[in-house]
Every structure is written in structure tokens, then in C-alpha cells.
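Please keep the sequence and the 3D view side by side while reading, and turn the view as each paragraph moves to another part of the assembly.

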Amino acid sequence: MSIPLYGFLQGDVLGLLILAEEHETVHALSERLQEAASVRVGHTQDVRVIYKGNVLAPGLTLREAGLASLERFDVVRS
Amino acid sequence: MLNREEWLHLAHKLDWQYSYVREEDIFPELISGRPYLPHSEWQDWEESFKTSYREYVENQFDKDMAVYAVRDAVGRLENIQKLATPWMNSLKVHAAALPLAEFTGVIGNLRGARFGRDSAWRTMAVFGAMDEFRHTQIPLLLFHQLVRWDAQFDWAHKFYHTNNWFAIAARHFIDELTVGQNAIEFHIATNCVFETGFTNLQFVGLASLAHGAKDHLFEKMVTSIQTDEARHAQIGPPVLAKVMKHDPDYAQYLMDKWFWRNWRMFSILTGVSMDYLTATEQRTYSFKEFMEEWILDQFLRTLDEFGLKRPWYWETVLEELETYHHMIYASAYTYRATLWFNFVLPGPDERKWLRQKYPKHWDEMDAVWETVSARWAAVGPGSENELSVHGKVLPTFCDLCQLPLCGGTPQKNAAIVLLFENQNYIFCSEPCRWIFLREPERYAGHRELVKRVLSGEAPSNLPDLLTKYFQLTPETWGKDAYSGAYDWLAAKEAPAAH
């Protein structure tokens, strides 16, 4: 099932819509946001995904991590 | 013959006490506005600068003749074609945003002309409506004649008829400011904030920039419009004074709400024009310097004069002076095909000037421009490479102001999610969320662009979004004004392939 999410990459100038899938991993989500923002922000290997104030384990699926539709997530440098 | 001072007061204080109809039926609260007061409370309404009909007609005729004389002298197509490319695109922004918005000012003033609570107010609003006709027709005439040369000027008429994301935001703002508004809120929001606080002074700044850009036609147009604004903007203060006397909390709310909403729109229109779409050597001041000198101090003096407090979000405005229009321009540059005008990539000279004027967060912004420039260097100049230096994923928008989520800084975006009546809303800033929560019945049903895409109302793929929803064409959608062919960029080495 698709989950539309508002993604904010540290260093970028606006939020982006990421149409994620429940079975995707947190790590994959961070890569998708970085790719989406790549025209403005260079890729960084070492990042964390923050959701509702918590750092998400990269191996979790989005469903396991509890991400919900039209919520905000941030990708920040570690 | 009597002097004007001897008879004019008789000609604009004309109300009698109604006995065959109820005042509430002639001036219903829903349209006239609140606080609802009997006419006895409004009968001392006075404007500072009075004019008779004859004076109005004579003065406006002279002003119009002066504008057309300048058009005939320096406003021909061959004159316009010589203007610098960045400035030309600033003209396209204003050409689209200005004329039809001015026509809604006709509607708003006519509401005041019919439902204002004193005859003097209603008289001035009639002149205000006629002013706004002029402000519609002059720019439409001057800009639309350029369509035969550059199709992007077609947006002088087309803009508000499209679902372009900026048109959605502009309509959202203007619909509420001028058209869907009761007379009291219209005059306070439009006269006291929009005109006195922003447009009147924006025209001062724009006129100065136009002069520097040798665009004497636009310079004459805006200075001529400005003289009308200065006259009809005086309708607002006596309305505000009355509301302040009877409902000061409401007066404070109106000023706070409308200053924020105006700040959002004008930081884009004027900030982008001053700091990016004017050639560096022609910039006399930065947008921040202009705002500090001409807008913020003036607004605070107005608040003091009426016994109002500084808006609770004032520190946010001061912070955003350093960042917001920069975030917007960088976002819009990388989504330029979604707009109807062209963009200029800031080069070393421009970035040096911007760093000097905006030192606090410029490192963060400069990193973005460095990355964008590197992308151009990697793919090479040429119109065929435009989309390689362009975002492909849908940006996100505020559920109040409908503008991109560009609040805060690149290090920390200020966007806030709110769960309201089992639905998530997102706002670019605290003030936008605050306005929403003050009037949720007004805003909760609106759908910004992302929600339109998710519901299927708007297409999700970029080509269809551009052409079918935004009504752009390959000829009119925005591009880099030089297709990436900058001398300074040619000197950059492309990064090594991995």
C-alpha cells in the first residue's frame, strides 16, 4: 500500500512528496529522498531518518516503523 | 463660486436616518462586517485627503496621458527588447500577478461603495473602484502588447485562469483579501496592510529598480499607480480606528493575519525580483534592506498609532528576511518548468553580493547553488539538458498559504503537521497554522496541489501536470534564461565519472 509522505532532507530548501510503499525499508526511503533532492543537495552515506522525534532503524520496513500517510520525515546527517 | 473647502463636506456627508427600512437590512452584518455598530458610530468617518469628482476626473486624465506619453516615447517593442534578461523576467512575474488582481480590487471597493457604513466612506470607495479599473487596464495594455514578441507575456491575462501552483496560491490570497470579504475586513486588510504596508512601498522600490534597469515605461506605470494607491488606501485607517475602539482583539487579529499573508506573497514577488531578477550592478539595495527601511518600520509605526501590538510572530518575520525568498527562488529555479517565466542561475558575482547582504545563512544557500551549478557543468549547456537540472518529484505545499514548504532554513525546515478532525494538514510555518486554527471553517476544505494530485484531480506525472493542469506549453514554460551557458560555468570542471 502507498504511503504519501512529506520528506525533508537536511540542506535542502523545500519539502518533497515521497510516495512510499509499506514494505520499503527506512534506508530505501532515505535514498529515495536524497535522489529526489539530488539536483540541490549532494548525496551523503551517513544519514539518519527522523520521524516524530525518533531515529528509525534503517532496516525496518515503513510499516514496522509506523509511518502514516501525510506525515513528515527528515533525513539528516549523522 | 464657493471654494472646494466650503462645499465638499456637504457633498460627501449624505446619509439620512432610515425610517422606512431597517439599517440592518440595507447594511447586513455579513457583508458590511463586524463589529456591527449603528450609523451614529460611523458618521464621524473622515478621510484625510479629500477629492471632488471633478478633481478626480481631471487628475486621473492627466495621469493617464502622462503614462501613454511615456509609452509612446520609450515603451515601444524595440525599447522593451533592449532590457536586461533578468529584469525582463521580473516583468513577466509582475505582468501575471498584477492586472487581474487589481480587478478584484474593483470588486472589493465596490463592496465598500455599497456596504460601507458612512457616505463619505462609500464615496471614497467609488473612487477606489475606479482607480482599480485603471490599475487593471494599464498593465494589461502595456504588457499584453508584448505577447506578439514573447508568448510568456500571455500570462498577463492567463495566469489567474490556470491551476499553476503559484496561481493557486495567488487566487487563495486574493480571493480572500478582496473578493470573498466583508467591507470592514476588506478595507483593513487591503488598505491598511496590503496597500499602505506593501504595495505602496513596493512600487517605490520597484520604480527605483525599474529606473536602474532603464525600464522607464514600467517605472512610470508603477509611480502613476502608486499615487492612486496613496489616496484610496486612506479609507482603511478610519475603519481600523473604529474597529479598534469597539473590538480591539479583532482589530489585532486582522492586522496580524493580513500582515503575515501579505508577507508571504510579497517576499516572493518583490524578494525574488530585487535579489535575483535584477542584474547585480543595477541593485540599489537588497530586499531585506528595502523591507527594513520601507515596510517594517512603517508598519510598526502604524500599529503604534492605533494602539496595536506588534504581531506575536514578529521574530519569525525578522528571521525569514534572511531566508524565505532565497529558499523559494532556489526551489523555483529547480522547478522552473512549472512557471511561466525564465530564471537566472546566480553566478559567483551574484553569490558574492548575496553573501554580503545575507551573511547569516548564506553558507547553507550557497551549498545549494554550488550543487545546481555542478549539475549544469556535468551535463553541459543547452536547452536539451534543461530537465537534467530540474526536480522530478512533486514538491509540497502549505495547507494555508498554498505556497511551497520553504519556511525555516535548509538546515531545519519549519514545516509543521497538524492532525485536525482526523485529517493531516501541513503548514510552512507557525503563523500559517495559527491562521488556519483561527478560522478552520474557512480553510479546512481547501486542497493544495499535493492533495489535488493524490485525489486524482490533478495529474501526477510532470508533463501532464505542466500542460494540462498548469496550462503551460514548451514555448511558455520556464527555463534557465541562458540554457546553462554562463561564461563562469564553462570554467568549472565536470566531476569525474564514477
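Helices, in the sense used here, are DSSP runs of H or I that span at least four residues, and they are numbered from the N terminus. With that convention, H161(B) can be placed in the loop of chain B that runs between α10 (155-158) and α11 (165-179). This is a predicted model, and what follows should be read with that in mind. The model scores ipTM 0.98 and pTM 0.95, while chain B averages a pLDDT of 93, with 98% of the residues scoring at least 70.

Is H161(B) buried or exposed? A residue counts as exposed if 12 or fewer other C-beta atoms lie within 10 Å of its own, and because H161(B) has 12 other C-beta atoms within 10 Å, H161(B) is exposed. The C-alpha atoms of H161(B) and W42(B) are separated by 38 Å, and these two residues stand 119 residues apart along the chain.

I80(B) offers another case, and its place is in helix α6 (residues 77-80) of chain B. The threshold for a buried residue is 20 or more other C-beta atoms within 10 Å, and I80(B) is buried because 21 other C-beta atoms lie within 10 Å. Although I80(B) and D215(B) are 135 residues apart along the chain, their C-alpha atoms are separated by 7.6 Å.

Several backbone features of chain B deserve a look in the loops. K214(B), which lies in the loop between α12 and α13 (216-232) of chain B, has a phi near 60°, a positive value in a residue other than glycine. K214(B) counts as partly exposed because it has 14 C-beta neighbours inside 10 Å. Q402(B), in the loop between α20 and β1 (416-420) of chain B, also is not a glycine and has a positive phi of about 70°. Q402(B) has 23 C-beta neighbours inside 10 Å and therefore counts as buried. A further feature is the cis peptide bond that joins R34(B) and P35(B), where omega is about 5°; P35(B) is found in the loop between α3 (29-32) and α4 (39-42) of chain B.

The interior can be approached through a general tendency: in soluble globular proteins, nonpolar side chains tend to be buried together. In this model the largest nonpolar core has 160 residues, of which C398(B), F427(B) and C428(B) touch the most other members. Helix α12 (residues 183-212) of chain B gives the most to this core, with 14 residues. Leaving aside residues up to four places away in sequence, F427(B) touches C398(B), D399(B), L400(B), A415(B), I416(B), L418(B), C432(B), R433(B) and F436(B).

On a wider scale, the domain assignment divides chain B into domain 1 (53-320), domain 2 (322-391 + 464-498) and domain 3 (395-459). The C-alpha centres of domain 2 and domain 3 of chain B lie 26 Å apart, and the contact between them takes 15 residues from domain 2 and 9 residues from domain 3. On the side of domain 2 that touches domain 3, the elements giving two or more residues are α18 (324-333), α20 (362-379) and α24 (462-469) of chain B. The residues on that side of domain 2 divide into 8 nonpolar, 4 polar and 3 charged.

Turning to chain A, strand β3 (residues 47-51) takes part in two pairings. It runs antiparallel to strand β5 (residues 72-77) of chain A, with 5 bridges joining the two, and within this pairing I50(A) stands opposite D74(A). Strand β3(A) is also joined by 3 bridges to strand β4 (residues 54-56) of chain A, again antiparallel, with Y51(A) standing opposite N54(A). β3(A) and β4(A) form a hairpin with 2 residues between them, and K52(A) in the turn has a positive phi of about 50°.

Finally, how many residues does each chain bring to the contact between chain A and chain B? Chain A provides 20 residues and chain B provides 28 residues. On the side of chain A that touches chain B, β1 (2-9) and β2 (16-21) of chain A each supply at least two residues, and β1(A) gives the most, with 3 residues. By class, that side of chain A has 11 nonpolar, 5 polar and 4 charged residues.

Notes
Residues are numbered from 1 along each chain as its sequence is written. Chains are lettered from A and ligands numbered from 1 in the order in which they are written. This is a predicted model: local features need pLDDT of at least 70, side-chain atom pairs count only at pLDDT 80 or more; totals for chains, interfaces and linings use all residues. Two residues are in contact if their C-beta atoms, placed from the backbone, lie within 7 Å. Ala, Val, Leu, Ile, Met, Phe, Trp, Tyr, Cys and Pro count as nonpolar, Asp, Glu, Lys and Arg as charged, and the others, Gly among them, as polar. pLDDT is the predictor's confidence in each residue, from 0 to 100. A nonpolar core is a set of buried Ala, Val, Leu, Ile, Met, Phe, Trp, Tyr and Cys residues joined through C-beta atoms within 7 Å. Two strands pair if DSSP finds at least two bridges between them. Domain bounds come from an automatic or database domain assignment.
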